[in-house]
Amino acid sequence: MKNWQTKEELTDLLCSLVNYQSITGSNAEIALAEYMYHLFEQKPYFQANPSDLNLHPLNDGRRLLTAFVRSKINTDKTIILLSHFDVVEVNDYGSLQNLAFHPKELTKEMLKIKDKLSETIQQDLNNGDWLFGRGTMDMKAGLSLHLSMLEKAMHGEFEGNLLLLTVPDEEVNSKGMLTALPVLQEIKEKEQLTYLACLNGEPMFSKYPGDSAYYVYTGSIGKILPGFYCYGKESHVSEPFSGINPNLMISFLSQQLELNEAFIEKIGEEITPPPISLMQRDLKENYSVQTPQAAIAMYNILYLKQSLHEINSKLLHGAMVAASQIESYVLEKADYFSEIATDLKMPPVTVNVMMYEELYQEAVKRNGKDEVVRRQNLLVSQRNQGDRDFSTLLVQDLASMCKDLAPMIILFYSPPFYPAVTSDNDPYIRGVMQHIKDYTEKNFQVALTVSEFFTGLSDLSFIGPPSTTSQMKHLTLNMPLQNNGFNLPEDVMQQLTMPILNIGPLGRDPHQWTERLELTYSFEYLPKILTQAIHHLFHT
């Protein structure tokens with residue numbers, strides 16, 4: 001018996017998943033994986049094949065879920081259905097926060113206050129075919145659809161195997177997907193499978209307010225998170241020219257990088273935004289009349305087909321220009337001050353700029369590799385910070401061993417890192433996309449638009465073909481966290497690389513308190529579209 005096929009059944013399934021408040025890092029994130037395991041183990045297929053349903057542990061107590069359904073015909077052809085089940089926080093809901101995970105009740109409450117909402121939201125409420133709530137769009141609707149496809153597979157509807165993979169932590173560090181990579185490799189080897197493609201179910205993202213297009217995707221945008229550690233020379237506030245304030249250094253760096261047009265990339269209709277700072281602060285913990293010793297800034301960089309080397313060169317150039325401007329500015333101000341304080345003797349100012357790897361080698365040269373490794377291992381053993389703060393701490397410790405080089409700016413990288421990936425030029429994926437475009441236009445009078453890059457970031461980045469041939473090694477060598485509690489498994493990623501595509505539901509306002517899902521396309525048309533896509537993936 002099938003339970004997840006009709007629009008009404010899928011809506012009920014979605015609501016049951018949304019009821020679990022699976023905010024990244026919460027206990028409910030663990031509970032939801034267990035709930036889905038419970039749903040599957042009631043199915044006759046998994047009662048007969050219990051070893052094909054598994055919860056796999058992350059190293060922090062969370063778990064990801066795999067559910068493998070074999071075709072009735074003996075074949076190694078397998079499609080991976082990829083999703084995530086964590087969601088972002090709900091503080092933005094304000095007085096409606098307690099209803100954020102109760103879609104039907106929240107939608108009724110939104111109707112009561114619709115006059116206070118935007119015209120677009122009012123139209124959707126009046127339409128009556130939209131469901132509000134955290135996770136309805138991103139991405140428990142896509143997860144529900146994958147459960148529906150797996151149920152079809154249990155009843156022998158596909159001429160190939162389906163492997164459902166649903167993971168936690170996509171919204172923060174993608175630790176779930178990074179943990180899943182060796183799991184996928186193990187299943188592949190154990191069952192002697194051929195992974196034909198990975199089909200994700202992330203929702204379509206509009207490109208601008210009022211965008212009415214229906215998107216499907218053949219790739220996913222890339223993201224890197226460069227950090228700049230500015231190590232100044234501390235001084236008493238009464239002697240500002242005896243040191244260099246890292247807050248001053250970081251302000252010049254911000255002028256060079258924030259919204260810098262050199263990083264904008266246009267491929268077809270896709271345009272990346274310029275860099276924007278996600279963190280900028282000094283590292284002084286307590287107030288005193290001593291200037292801070294160091295400051296940190298991190299920038300969001302989205303990319304499509306630029307090489308990592310090219311991006312790194314632009315970042316390094318920005319830091320070098322900032323360093324030159326800092327030197328000129330300080331000397332200029334010292335000249336003004338010396339006209340009054342004639343006894344001022346300003347020493348030469350040189351701001352050193354280097355990569356993390358260069359700083360590491362400098363620390364090894366001065367202290368020996370055993371001592372550097374010992375200090376880093378000690379920090380790892382005592383770690384109680386998140387990835388960004390701990391990356392900064394590792395840089396800070398190396399800088400303290402080379403403090404005579406200050407003032408200096410150190411460029412490094414922190415997780416998360418999402419490689420840009422694309423299957424846009426793959427005839428196999430192009431054929432599938434053309435098939436579902438024709439099918440959707442003919443049967444539902446909906447025109448699908450194939451976009452090369454899903455712009456919302458996705459776990460496809462760790463399994464799809466890279467959009468550029470540049471090596472990740474340059475980035476990982478300058479990532480303090482690599483092999484210090486974090487590992488980007490390049491070798492497994494290369495072994496698992498496969499064609500990718502994303503066909504997901506229609507929604508609006510992801511990560512906002514007005515997040516909502518449209519139900520007719522998502523739960524009436526899309527199940528049939530996905531079925532066609534899977535059939536075509538197996539038959540091509």
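**Entry 1: a loop residue with an unusual angle**

I began at Gln445, which is exposed, with a relative accessible area of 59%. The model I am reading is a predicted one, so I treat each value here as computed from that prediction. I found Gln445 in the loop between helix H13 (427-444) and strand S17 (448-451), and I noted that its phi is near 55 degrees, a positive value in a residue other than glycine. I wrote this down because most residues other than glycine have a negative phi.

I then looked up His511, where phi is near 65 degrees, again a positive value in a residue other than glycine. His511 sits in the loop between strand S19 (507-508) and strand S20 (516-518). Is His511 buried, partly exposed or exposed? At 39% relative accessibility it counts as partly exposed, because the exposed class begins over 50% and the buried class lies under 20%.

**Entry 2: two cis peptide bonds**

Next I went through the peptide bonds, since most peptide bonds are trans. The bond from Ala406 to Pro407 is cis, with omega near 0 degrees, and Pro407 lies in the loop between helix H12 (387-400) and strand S15 (408-418). I also found a cis bond from Pro415 to Pro416, with omega near 5 degrees. Where does Pro416 lie? I located Pro416 in strand S15.

**Entry 3: the chain as a whole**

I stepped back to the full protein chain, for which I recorded 16 helices and 20 strands. Its radius of gyration is 26 Å, close to the 24 Å that the globule rule gives for 540 residues, so the chain is as compact as a globular protein of that length. Along the principal axes, I noted that the C-alpha trace spans about 90 × 55 × 40 Å.

I wanted to know how much of the chain is covered, and I found that buried residues make up 56% of the 540 residues. The accessible surface of the protein chain comes to about 22900 Å², and 49% of that belongs to carbon and sulfur atoms. Among contacts with a separation of 6 or more, I saw that 79% are between residues 24 or more positions apart. For charge, I recorded 44 positive and 66 negative side chains, and the centres of the two sets lie 2 Å apart.

**Entry 4: the nonpolar cores**

In soluble globular proteins, nonpolar side chains tend to be buried together, and I looked for such groups here. The largest nonpolar core has 82 residues, and those with the most contacts inside it are Phe40, Leu162 and Ile503. Which helix gives the largest share of this core? I found that helix H16 (residues 519-539) does, with ten residues.

I followed Leu162 further and, leaving aside its neighbours within four places in sequence, I listed its contacts, including Ala67, Phe68, Val69, Ile79 and Leu81. Leu162 is also in contact with Met149, Leu150, Ala153, Ile534 and Phe538. A second, separate core of 74 residues includes Val167, Leu460, Ile463 and Leu481.

**Entry 5: two pairs of residues**

I finished with distances, taken from C-alpha to C-alpha, for two pairs of residues. His309 is found in helix H9 (residues 308-338), and at 52% relative accessibility it counts as exposed, because the cut-off for that class is over 50%. How many residues separate His309 and Gln471 in sequence, and what is their distance in space? They are 162 residues apart in sequence and 8.3 Å apart in space.

My other pair starts from Ile73, which lies in the loop between strand S2 (63-69) and strand S3 (77-84) and is partly exposed, with a relative accessible area of 44%. Ile73 and Leu184 are 111 residues apart in sequence, and I noted 22 Å between them in space.

How values were computed:
Residues are numbered from 1 along each chain as its sequence is written. This is a predicted model: local features need pLDDT of at least 70, side-chain atom pairs count only at pLDDT 80 or more; totals for chains, interfaces and linings use all residues. Side-chain values use heavy atoms; hydrogens and water are left out. Helices (H or I, at least four residues) and strands (E, at least two) are DSSP runs, numbered from the N terminus. The radius of gyration is taken over C-alpha atoms; the globule rule is 2.2 Å times the number of residues to the power 0.38. Buried means under 20% relative accessible area, exposed over 50%, partly exposed in between (1.4 Å probe, protein chains only). Contact means heavy atoms within 4.5 Å. Accessible areas come from the Shrake-Rupley method with a 1.4 Å probe; for residues, only the protein chains shown count as cover. Lys and Arg count as positive and Asp and Glu as negative; His and the chain ends are not counted. The place of a charge is taken as NZ of Lys, CZ of Arg, CG of Asp or CD of Glu. A nonpolar core is a set of buried Ala, Val, Leu, Ile, Met, Phe, Trp, Tyr and Cys residues joined through side-chain atoms within 4.5 Å.
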